[in-house]
Amino acid sequence: MNFDKFRYSIIQKFAALTAAMFLISIAPLNVFAAPATTEEALADAEERKLLPVESNRIENWPAGPAIGAQSAILLEANTGVVLYAKNIDEKLYPASTTKLMTCLIAAENSQLDEMVTFSHDAVFNLEPGSSNIGIDEGQSMPMEECLYGILVASANEVANAVAEHIAGSQDAFAEMMNKKAAELGCKNSHFMNAHGLYDEDHYVSAYDLALIAKAFFQNELLAKIGNTAFHHFIATSTQPDDFIWRNKHELVTGNIPYEGIKGGKTGYTDEARQTLVTCAEQNGMKLICVILKEESPEQFYDTVKLFDYGFTNFTVANVAENETRYSIQNSNFFNTSSDIFGNSSPILSLNQDSYLIMPKNASFSELDSEISYNTTNEQEIAMIQYYYHGAYMGTATLDLASTSHISYEFTENNDAVIDAEEQNVIVINIKLILIGILVTTAIIIAIIIIRSIIRSYNFLDNRRTVRRRKWNKRNRKDGPHFPSSRFGGFNF
């Protein structure tokens with residue numbers, strides 16, 4: 001490390017020591033919620049274990065563990081199903097788990113090879129002693145290296161520099177963070193900075209942070225960086241130091257081994273206490289665990305407890321393989337013919353990839369369902385949402401098997417019925433065509449028979465007419481002859 005960076009580090013440490021001595025001198029005026037001693041912190045954690053777990057109140061729901069965190073959630077990332085909930089809407093300080101949002105916005109608004117230059121404010125506008133990797137003012141790094149600096153080393157000056165690079169200023173970047181949070185469905189979050197250092201107006205809820213983490217882990221690059229145990233920062237012409245930084249996430253580094261870890265982010269401030277976000281995948285489930293306000297090292301062990309709880313007590317259920325209530329197979333109108341025998345495939349079907357996350361002690365038949373037609377996907381006709389005693393279990397979609405655009409509604413018997421007002425729908429069934437041909441042929445034969453009968457009737461009438469004409473001709477030769485019945489019996 002060069003002399004300037006060494007000098008800066010010494011200045012930071014001196015400033016931190018001075019600040020600590022000052023805080024001690026005004027201890028009676030301290031308004032922070034942080035515990036004064038380790039014993040008090042541990043006592044607070046024990047009290048938090050007594051807080052209710054909302055998910056345990058669901059009927060027949062697997063009982064979740066008591067943990068020392070103020071707030072915690074276990075969310076299945078692919079379905080959005082909440083498996084464990086403890087104060088998940090409470091507003092708490094996120095500390096450096098904020099950086100998940102920072103990197104998500106950076107990845108969506110930049111290229112990896114863009115050079116990020118560190119301003120004076122980015123380097124020095126931080127609390128003395130806060131997490132950093134010692135980048136100096138005027139130096140620059142590629143965006144990809146910055147992402148490693150933020151996620152692996154939790155470097156606050158790197159978060160500042162990225163914020164300024166993306167938005168022009170740190171305040172403008174905070175506005176982007178709040179806008180993105182709203183897009184993701186966050187309702188109890190507000191961001192003031194890119195690094196997560198304490199600010200009274202900088203907070204999240206466990207549920208909102210899980211939504212942010214869900215979006216984060218959908219990005220393959222971010223998931224890879226967030227699952228990096230250590231990173232080697234190589235010296236360049238714009239950043240002259242060569243050093244290796246180790247991740248503080250014990251589940252990512254393997255210090256606390258756990259199968260299927262996909263990454264995460266640590267956080268700590270005196271006000272926030274320990275915070276942690278972690279993702280793990282097993283048995284077809286991708287679980288995100290968020291821990292807010294816990295004491296070290298219990299944030300890691302709480303996470304392990306919740307992962308064990310989720311993977312042990314819940315299972316994946318494919319909807320198409322289990323659903324029997326919503327039938328569209330009983331109407332030929334929903335089929336497209338494939339051969340002359342009338343065998344056909346449905347033009348509507350439950351999505352084969354739709355699945356739910358269910359308690360292992362529950363059966364599919366116990367689930368309730370609701371149908372919604374509010375879908376923007378052109379290939380989806382409707383969505384069926386499933387619930388277990390009021391708890392959301394996941395969503396299945398009813399899809400078009402072809403490019404035809406049709407709509408339908410369910411009858412009281414849950415059978416799909418086509419909307420007669422819809423147009424531009426062409427459905428072909430060979431069996432129905434054959435029946436139509438037979439009916440048409442029968443009608444034609446009937447018409448031919450009827451016409452034959454009519455013609456035969458006319459022929460008989462013609463024979464009578466011929467005989468009458470012959471009689472009249474003969475009478476004209478012999479003289480008129482009138483029947484006596486018509487003229488009083490007289491002959492002339």
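Strand 15 and strand 16 (residues 380–388) run antiparallel and are joined by five bridges, where two strands count as paired if DSSP finds at least two bridges between them, and where strands (E, at least two residues) and helices (H or I, at least four residues) are DSSP runs numbered from the N terminus. Within this pair, Ser372 stands opposite Met383 in strand 16. The coordinates are those of a predicted model, in which local features need pLDDT of at least 70 and side-chain atom pairs count only at pLDDT 80 or more, while totals for chains, interfaces and linings use all residues. Residues are numbered from 1 along each chain as its sequence is written, and side-chain values use heavy atoms, with hydrogens and water left out.

Strands 15 and 16 belong to an open sheet of four strands with the order 13-17-16-15 and antiparallel pairing. Its edges are strand 13 (348–350) and strand 15 (368–372), each of which has a single partner strand, so one side of each is left without a neighbour in the sheet. From one strand to the next the twist averages 25°, with axes taken as lines fitted to C-alpha atoms and angles running from 0 to 180 degrees between N-to-C directions.

A further open sheet contains five strands in the order 2-1-9-8-7, again with antiparallel pairing. Strand 2 (82–86) and strand 7 (261–269) stand at its edges, and because each has a single partner strand, one side of each lacks a neighbour in the sheet. Here the twist averages 5° from one strand to the next. Three of the antiparallel pairings in this sheet are set out below.

| Strand pair | Bridges | Bridge partners or opposite residues |
|---|---|---|
| Strand 1 (residues 71–76) and strand 2 | four bridges | Leu75 and Val82 |
| Strand 1 and strand 9 | six bridges | Leu74 and Cys289 |
| Strand 8 (residues 273–282) and strand 9 | eight bridges | Leu276 and Ile291 |

Another bridge partnership between strand 1 and strand 2 is formed by Ala72, whose partner in strand 2 is Lys86. Strand 1 and strand 2 make a hairpin with five residues between them, and Gly80 in the turn has a positive phi of about 80°. Strand 8 and strand 9 likewise form a hairpin, with two residues between them, and in that turn Asn283 has a positive phi of about 50°.

Two strands of this sheet are mostly covered. In strand 9 (residues 285–294), nine of the ten residues are buried, which here means under 20% relative accessible area, against over 50% for exposed and in between for partly exposed (1.4 Å probe, protein chains only). In strand 2, four of the five residues are buried.

The structure holds zero disulfides, a disulfide being a pair of cysteine sulfur atoms within 2.5 Å. Among the cysteines, Cys186 counts as buried because its relative accessibility is 12%, and Cys279 is buried because its relative accessible area is 0%.

On the surface, Ile435, Val439, Ile443 and Ile447 form a nonpolar patch with about 350 Å² of accessible area together. Patches consist of residues with over 30% relative accessible area and no salt bridge, with nonpolar side chains (Val, Leu, Ile, Met, Phe, Trp, Tyr) joined within 5 Å and like charges within 9 Å; a salt bridge is a side-chain nitrogen of Lys or Arg within 4 Å of a carboxyl oxygen of Asp or Glu. Accessible areas come from the Shrake-Rupley method with a 1.4 Å probe, and for residues only the protein chains shown count as cover. Ile435 lies in helix 13 (residues 430–478), and Ile435 counts as partly exposed because its relative accessibility is 46%.
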